[in-house]
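Grab a pencil and work through these exercises with the model open beside you. Each task comes with a solution you can check against the coordinates.

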Amino acid sequence: MNRERALVTGASSGIGREIARVLAAQDCDLVICARRRTELEALAEELTTSHGTTVEVVTADLSGSAGVEELIRRAGDVDILVNNAGFGTSGNHIDLDVKGELAMVDLNVRTLTHLSHHYGKQMASKKSGRILNVASIAAFQPGPSMATYCATKSYVLSYSRALRHELKPKGVSVTALCPGPVVTGFQKAAGLNMGSMVMMSAVSAPKVAAVGVKAMRKGRREVIPGLMNKPMPLITRLTPVRMQLAIMNSVLK
């Protein structure tokens, strides 16, 4: 049988790196993409040595259309697409640099949509393929101090649900991975200082990756790693928006 070929964006660290490790252990050849070449090359060497997999490194800034087009050209045909690239910021929205906020929308939303459209169409023509979109537990409620980030992840979740419905009859699965707090460099990059109560629900990046890939393989619509995080969709449906805002404001301040 031919080996599966997987494309993983944001693979230089955190959840993306761990997903690449899980897929390599499942005998997938990989295309890994991020902006940091040194980290990508180290990961490629690790995976090739450990699993004998073929790993292609693509260094690109995916917040711009030129970087996305270059990745598509370099990656070619794939069987699995993992849209993990993304970032967040924290602070009052009007006090943040609007260029950074718009770059976040471009990466978290536009790039994910572009790649899902391109590879979804490609996979549908073959009647086979899997897409794993990394959303967040933040997708289920608005987030003061992280207004743009939460909104982008709400888009990812809604988009993934709808795309799954459209592509399932064509033999393509779409899964949204919605992790809660994860101990990675994300919090530091976003300027977050999460409280101890919040971090009690944290799940390690390797565990999130394993749960996400397993759900993708089963063709599940979405998955929330961590027992403490799983009630979130029900809680948000039952909680008035004003209370959601108050809770998130206290958590993210």
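Buried means under 20% relative accessible area, exposed means over 50%, and partly exposed is in between (1.4 Å probe, protein chains only). One caveat before you start: this is a predicted model, where local features need pLDDT of at least 70, side-chain atom pairs count only at pLDDT 80 or more, and totals for chains, interfaces and linings use all residues. Residues are numbered from 1 along each chain as its sequence is written, and side-chain values use heavy atoms, with hydrogens and water left out.

**Exercise 1. A helix and two of its residues**

Task: work out whether Glu18 is buried or exposed, and which residues it touches.

Solution. Start with the location: Glu18 belongs to helix H1, residues 14-25. Helices (H or I, at least four residues) and strands (E, at least two) are DSSP runs, numbered from the N terminus. Next, the accessibility: Glu18 has a relative accessible area of 12%, so it is buried. Now the contacts, meaning heavy atoms within 4.5 Å. Not counting residues up to four places away in sequence, Glu18 touches Ala205, Pro206 and Ala209.

Task: do the same for Ala24, and say how far it is in space from Thr48.

Solution. Ala24 is also found in H1. Its relative accessible area is 0%, so Ala24 is buried. With residues up to four places away in sequence left out, Ala24 touches Leu30, Leu47, His51 and Thr53. As for Thr48, it is 24 residues from Ala24 in sequence, and the two C-alpha atoms are 8.4 Å apart.

Task: check the length of H1 and how covered it is.

Solution. The expected span of a helix is 1.5 Å times one less than its number of residues. For the twelve residues of H1 that gives 16 Å, and the end C-alpha atoms are 17 Å apart, which agrees. Then the burial: nine of the twelve residues are buried, so H1 is mostly covered. Among them are Gly14, Ile15, Ile19 and Leu23. Just past the helix, Asp27 has a positive phi of about 70 degrees.

**Exercise 2. Reading the sheet**

Task: give the strand order, and find which strands stand at the edges.

Solution. The open sheet has seven strands in the order E3-E2-E1-E4-E5-E6-E7, with parallel pairing. Two strands pair if DSSP finds at least two bridges between them. E3 (55-59) and E7 (222-223) stand at the edges: each has a single partner strand, so one side of each is left without a neighbour in the sheet.

Now for what packs on it. H1 touches E1 (5-9), E2 (29-34), E4 (80-83), E5 (129-134) and E6, and its direction makes about 170 degrees with that of E1. Helix H3 (residues 65-75) packs on the sheet too, touching E1, E2 and E3, at about 160 degrees to the direction of E1. Axes here are lines fitted to C-alpha atoms, for helices over the stretch in contact, and angles run from 0 to 180 degrees between N-to-C directions.

Task: how many bridges join E1 to E2?

Solution. Five bridges link these parallel strands. Val8 stands opposite Ile32 in E2. E1 is mostly covered, with four of its five residues buried. For E6 (residues 172-177) and E7, the parallel pairing runs over two bridges, and Leu177 has Val223 in E7 as its bridge partner.

**Exercise 3. Two helices side by side**

Task: describe how H4 and H5 pack.

Solution. The axes of H4 (residues 98-126) and H5 come within 10 Å and cross at roughly 10 degrees. That makes H4 roughly parallel to H5; angles under 35 degrees count as roughly parallel, over 145 as roughly antiparallel, 65 to 115 as roughly perpendicular and the rest as oblique. The contact includes Met104, Val105 and Leu112 of H4 and Tyr149, Val156 and Leu163 of H5. By type, the contact residues are eleven nonpolar, seven polar and two charged. (Ala, Val, Leu, Ile, Met, Phe, Trp, Tyr, Cys and Pro count as nonpolar, Asp, Glu, Lys and Arg as charged, and the others, Gly among them, as polar.)

Task: check the span of H5.

Solution. The 21 residues of H5 (residues 147-167) should span 30 Å at 1.5 Å a residue, and the end C-alpha atoms are 30 Å apart, which agrees.
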